[in-house]
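Please open the model in your viewer and keep the sequence panel in view. The tour below proceeds by selections, with a short account of what each one shows.

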Amino acid sequence: MLLHKCCSIGLRSMATKPPHIVVHPEIRHALSQRQPIVALESTIITHGMPVPQNVETALQVEEVVRQNGAVPATIGIIDGCIKVGLTQHELMALAKKPREQLIKCSRRDLPYVLAMRQSGGTTVAATMIVAHRVGIQIFATGGIGGVHRDGHLTLDVSADLVELGRTPVAVVCSGVKSILDIPRTLEYLETQGVCVASFDSPGGVFPDFYTRDSGCKVPYNLSTAADAAKLLLAWRQLNLQSGVLIGVPIPAEFAAEKASIDAAIEEANAEAQAQGVSGKEVTPFLLAHISGLTKGRSLQANIALIKNNARIAAQIACSLQQKTAGEDHAPKKPLVVGASILDLSFKVKDKHDLHLDGATYKSVTKHAAGGVGRNIAEGIFKLHGDVNLISAVGSDHFANMLRQLMPAALQRHLIVDEKNATSLCSVIFDRSGDCRLILGDMDIHDSITPEALLAHSELFRQAPLIVMDSNLSEQAMSCTLQLAQRFQVPVFFEPTDMFIAGKPFKLKNELTQHIRLLKPNLHELKAIVETITGQPVELQLDASMERSELLKQTKKLLKQIETHFNCIIATLGNHGVLLSCRSDAETDPAQLLSLSPAREEHTTLFYAPAKLQRIVNVSGAGDSFCAGFITALLRKQAQHTLDECVAAGFASAECALLSESAVPRTYFKDAQTFESYVQEILQKMQRQRI
């Protein structure tokens, strides 16, 4: 009961936040879902660092937080509005404002800055206030303010210390800035009742920003993030209404030699006094002057320590979240992010040959729910049991038609765009059933924006696998892969079309490495190879080629990119599939979902299904193969082999080939019937090591 009460404090604070505070949708969602969040201050952008290192560092620090599993929330003030979760555009806007127009905002400055619609960076004190108001409990910064040298005479004491005594936020930093009087600062914090601990610093040796040893010790040392989380859990349950300060030593390779940094500080202090620098301008002046005296080494140290503090803070936030969340026994649902389309098909029934000459041809017309992402999601829903789909539709008549054709479970997270039409795809088949022309209105897919995806980040966190189709914009793909990276979830990529198959591989390597599986056809495979290698592919592959030559040439393509992935399933038309996978997956298919690189060479296997005597529709066979393969891969209780996963794909594709619609109304009566048919397909299909 006590834990529940403590957990609800943040949400209650957020609900009553003043109108001057605007919380980014990603942060708002993370708070509502009790995800780990790390607050970040903005004075490094406005006053702490020169351009361009200020913006570069701020963005890098956010990325460090994400890489360690937490959500970054940079806090700043723009035109009288406190922003929690600055966007990259807002960070840039803040950095571009002339420095003389920016206010270094502590507690005392907030009313004026907001009333006069000014802009500024938040100090440790102001960041703590805002973080607490919205419910964020952990904050990473470089170093806190303190008692200034000669502070016992001037009474120049940072408001950060007072704030730590009255605002319940845990501050992770590299101690007190070296330019200050550290012994008196620690005495002041003790008087304020602030719990102070070092992190991974035996004996409680307290850091002083540029060096790992201030010459002072604190009562407690926290050896790990888990230990820190235990302390914060007890602190939160006690509801002390005061902060916690955790001092993390600067990484050893960036630590300064104490004598040289002390000499630089003495010289900078003397220069500040000579120039009459006072008040809140002292710290920025001293830091800039010390950077000049140390020829920029202190700036590099500053950047290194804030990144390290962000890393530690994120790890502590994640550990605290795990200790408070308890075990989540809800079954994990795969997530599909991709297109939903209303398909209109026209099959010519005229005796005349089809030509694109403006003539009118008699045809049989049908409409069905389509879109690669939507088709795969519906297949997984019917085979696996449940799935989440993020897709976009308009608010038009076509959307109503599409919704009527979709299971209600797939409509839970649809994005409705009032401005764009629902995606419509018109497919023209000749008399023999071969596709001759496809026309598509795809603009609606751009409504799947990074902001929309971030608002659904909990679906990413809960997923055992993310399926992404290539209809997404590059920005949406980047965001999808960033979320996969944050929550350490593998991605299955469906290339969709030869013209857009290479799209995700134009992004950064650290993002695309989360694509662990993909299923291209021959044309898509060629496009992907060209994008990854940067070299044109001269081979002209076609499913009509003689099989042995087709397998030989396709394997050559696979060999060029296979080490980038756990598994590539190259579809070869009616021949079957050529599968390149990490060797350990042959005995343990779960390795296909591994985020660790394979240590052994890939294995190339060819699978050919039994021939069907009758084919009704070919439009959804590939999507159903994906759904069957993924279902078998995720169904842990059945412990399928790799061959059985492929057989499950063939079994599902066969159902689609015999169906009027892209996704059959029903694949199998129940799970047992599905498993039985997989075994039947397994006995019939051919397998060959290439």
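## First selection: serine 473

In this predicted model, serine 473 has a relative accessible area of 15% and is therefore buried. Its place is the loop that joins strand S19 (466–469) to helix H19 (474–487). Display the side chains around serine 473: apart from neighbours within four places in sequence, its contacts are Asp446 and Lys503.

## The sheet of 10 strands

Next, colour the strands of the open sheet, which has 10 of them in the order S16-S15-S12-S19-S20-S21-S22-S23-S24-S25 and mixed pairing. Its edges are formed by strand S16 (414–417) and strand S25 (686–689), each of which pairs on one side only. On average, and ignoring direction, neighbouring strands of the sheet are turned by 25° against each other.

Select strand S12 (residues 335–337) together with strand S15 (residues 388–394). These two strands pair in the parallel sense, over three bridges. Leucine 335 has asparagine 388 of S15 opposite it. Now add helix H16 (residues 397–404), which packs on the sheet and touches both S15 and S16. The direction of H16 makes about 150° with that of S15.

## Strand S22 and its partners

Move along the sheet to strand S22 (residues 567–571). How many of its five residues are buried? Five of the five are, and the strand is mostly covered. With side chains shown, Cys567, Ile569 and Thr571 point one way from S22, while Ile568 and Ala570 point the other way.

Strand S22 can then be viewed with each of two partners:

- Strand S21 (residues 515–518) pairs with S22 in the parallel sense, over two bridges. Within this pair, leucine 518 has isoleucine 568 in S22 as its bridge partner.
- Strand S23 (residues 577–582) runs antiparallel to S22 and is joined to it by five bridges. Here alanine 570 stands opposite leucine 578 in S23.

The hairpin of S22 and S23 has five residues between the strands, and glycine 573 in this hairpin takes a positive phi near 65°.

## Helix H7

Select helix H7 (residues 124–134). Why can this helix be described as largely enclosed by the rest of the structure? Nine of its 11 residues are buried, so the surrounding structure encloses most of it. The buried residues are Val124, Ala125, Ala126, Thr127, Met128, Ile129, Val130, Ala131 and Val134. Just after H7, inspect the backbone at glycine 135, where phi is positive at about 105°.

## Salt bridges

The structure contains 23 salt bridges. Three pairs and one network are proposed for inspection.

Begin with glutamate 90 and lysine 83, whose side chains meet in a salt bridge of 3.2 Å from N to O. Both of these residues are buried.

Continue to arginine 108 and aspartate 109, a salt bridge in which the closest N and O atoms are 3.3 Å apart. Are the two partners buried or exposed? Arginine 108 has 64% relative accessibility and so counts as exposed, whereas aspartate 109 is buried, with a relative accessible area of 9%.

The third pair is arginine 582 and aspartate 584, with the closest N and O atoms of the salt bridge 2.9 Å apart. Arginine 582 counts as buried because its relative accessibility is 4%. Aspartate 584, at 25% relative accessibility, counts as partly exposed.

Finally, select Glu586, Asp643, Arg687 and Arg689 together; salt bridges link them in a network.

## Lysine 556 in helix H22

Centre the view on lysine 556, which lies in helix H22 (residues 547–561). This lysine is partly exposed, with a relative accessibility of 45%. Draw a C-alpha to C-alpha distance from lysine 556 to leucine 539: the two are 9.8 Å apart in space and 17 residues apart in sequence.

## Last selection: a cavity

Two cavities of 30 Å³ or more are present in the structure. The second largest cavity has a volume of about 60 Å³. To display the residues that line it, select Leu40, Glu41, Ile44, Ala58, Val61, Thr74, Ala140, Thr141 and Ile306.

Note on methods
Residues numbered from 1 in each chain as written. Predicted model: local features only at pLDDT ≥ 70, side-chain atom pairs only at ≥ 80, totals over all residues. Heavy atoms only, no water. Pairing = 2+ DSSP bridges. Helix = DSSP H or I, 4+ residues; strand = E, 2+ residues; numbered from the N terminus. Axes fitted to C-alpha atoms, helices over the stretch in contact; angles between N-to-C directions. Contact = heavy atoms within 4.5 Å. Buried < 20%, exposed > 50% of the residue type's maximum accessible area, 1.4 Å probe, protein only. Salt bridge = Lys/Arg side-chain N within 4 Å of Asp/Glu carboxyl O. 1 Å grid on protein atoms, 1.4 Å probe; cavity = no way out; pocket = protein on both sides within 12 Å on 5 of 7 lines; lining within 4 Å. Points joined across faces, edges and corners; volume = space filled by probe spheres on them.
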